[in-house]
Amino acid sequence: AAPGAGNFTRLDPGANPHNSLQNIWGRIMPTSNISNPVKIVFAASINVTIPAGTPNSPVIGTGNAYCNNLTIEPGALLTQNNGGYFYVSGDFDTDEGQFIMNGASYLYFTGSTQTLWTPNYFDDYTNVRILKNVNTATLQLAEGSHVNCSGTFEIREGVFQLVGFLSVNN
């Protein structure tokens, strides 16, 4: 599938290991310094999988990023930098991988259906917002899961079903 439509795709950077577009996921937002992790932009309709063995882990920079379902496979990492806004309308599964938020970044759970949040115990969350499209849509924290949020946690619209453990420290 082409970037921006259908399911998540990994773009082939070609044979040059120093190509500044190396290991880019989803849509391209080039980075000027190839020694830094690659910055990415996802589209709302895309199901994103960050595979294991990714040599340059993707980064959500400043601005907005979107996806439907997110899966981070074992050993893979997705980082969200200060000033980033990440909108997930489907399931959020980092159970075997890792998701790290830095500084004043925001994770929004959106959409109009019931979705499942399966975090890794070692994920770092700063500011989390539940902003479903309808007040009856549910975000369920998976059974046995643990979330540590070092900033703010807000339920603006929708239902939060807490089956796991939530700790908010700010």
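Two strands count as paired when DSSP finds at least two bridges between them. Keep that in mind for the first views of this predicted model.

**View 1. Three strands line up in an open sheet, in the order β4-β7-β10.** The strands in this sheet pair in the parallel sense. At its edges are β4 (59–60) and β10 (98–101), each of which pairs on one side only. Look next at strand β7 (residues 77–80), which runs parallel to β10 and is joined to β10 by 4 bridges. To find your place along these two strands, start from T79, which stands opposite I100 in β10. A general point may help as you follow the chain: in a regular strand, side chains alternate between the two faces of the sheet.

**View 2. Strand β8 pairs with β5 and with β11.** Strand β5 (residues 63–67) and β8 are parallel, and 5 bridges hold the pairing. Here A65 has F86 in β8 as its bridge partner. Strand β11 (residues 106–109) also runs parallel to β8, with 4 bridges between them. In this pairing, Y85 stands opposite Y106 in β11. Is β8 (residues 84–88) mostly covered or mostly uncovered? Mostly covered: 4 of its 5 residues are buried.

**View 3. The largest nonpolar core brings together 27 residues.** Which of them touch the most other members? They are L70, F86, F92, F99, L107, W117 and Y125. You have already met F86 as the bridge partner of A65. As a general rule, nonpolar side chains in soluble globular proteins tend to be buried together.

**View 4. A close-up of W117 shows the residues in contact with its atoms.** Neighbours within four places in sequence are set aside here. Among the contacts of W117 are F92, F109, Y125, F153 and F160. The list also includes V128, L139, L141, A142 and V147, along with Q140 and S145. Two of these partners, F92 and Y125, also appear with W117 among the core residues that touch the most other members.

**View 5. R129, E154 and R156 are linked in a network of salt bridges.** The structure holds 2 salt bridges. In one of them, the side chains of E154 and R129 meet at 3.3 Å, N to O. This pair links distant parts of the chain, since E154 is in strand β16 (residues 153–157) and R129 is in strand β13 (residues 127–131), 25 residues apart. The side chains of R156 and E154 form a salt bridge too, at 2.7 Å, N to O. Are these residues buried or exposed? R129 counts as buried because its relative accessibility is 5%, under the 20% limit. E154 is partly exposed, with a relative accessible area of 28%, and R156 is also partly exposed, at 44%.

**View 6. R156, in strand β16, touches residues elsewhere in the chain.** Not counting residues up to four places away in sequence, R156 touches Y108, R129, I130 and L131. How many residues apart in sequence are R156 and I130? The answer is 26, while their C-alpha atoms are 5.7 Å apart in space.

**View 7. L162, L166 and V168 form a nonpolar patch on the surface.** Together these residues have about 220 Å² of accessible area. L162 belongs to strand β17 (residues 159–162). With a relative accessible area of 46%, L162 is partly exposed.

Conventions. Residues numbered from 1 in each chain as written. Predicted model: local features only at pLDDT ≥ 70, side-chain atom pairs only at ≥ 80, totals over all residues. Heavy atoms only, no water. Core = buried A, V, L, I, M, F, W, Y, C linked by side-chain atoms within 4.5 Å. Buried < 20%, exposed > 50% of the residue type's maximum accessible area, 1.4 Å probe, protein only. Contact = heavy atoms within 4.5 Å. Salt bridge = Lys/Arg side-chain N within 4 Å of Asp/Glu carboxyl O. Patch = residues over 30% accessible without salt bridge, like charges linked within 9 Å, V, L, I, M, F, W, Y side chains within 5 Å. Areas by Shrake-Rupley, 256 points an atom, 1.4 Å probe, with all protein chains shown as cover.
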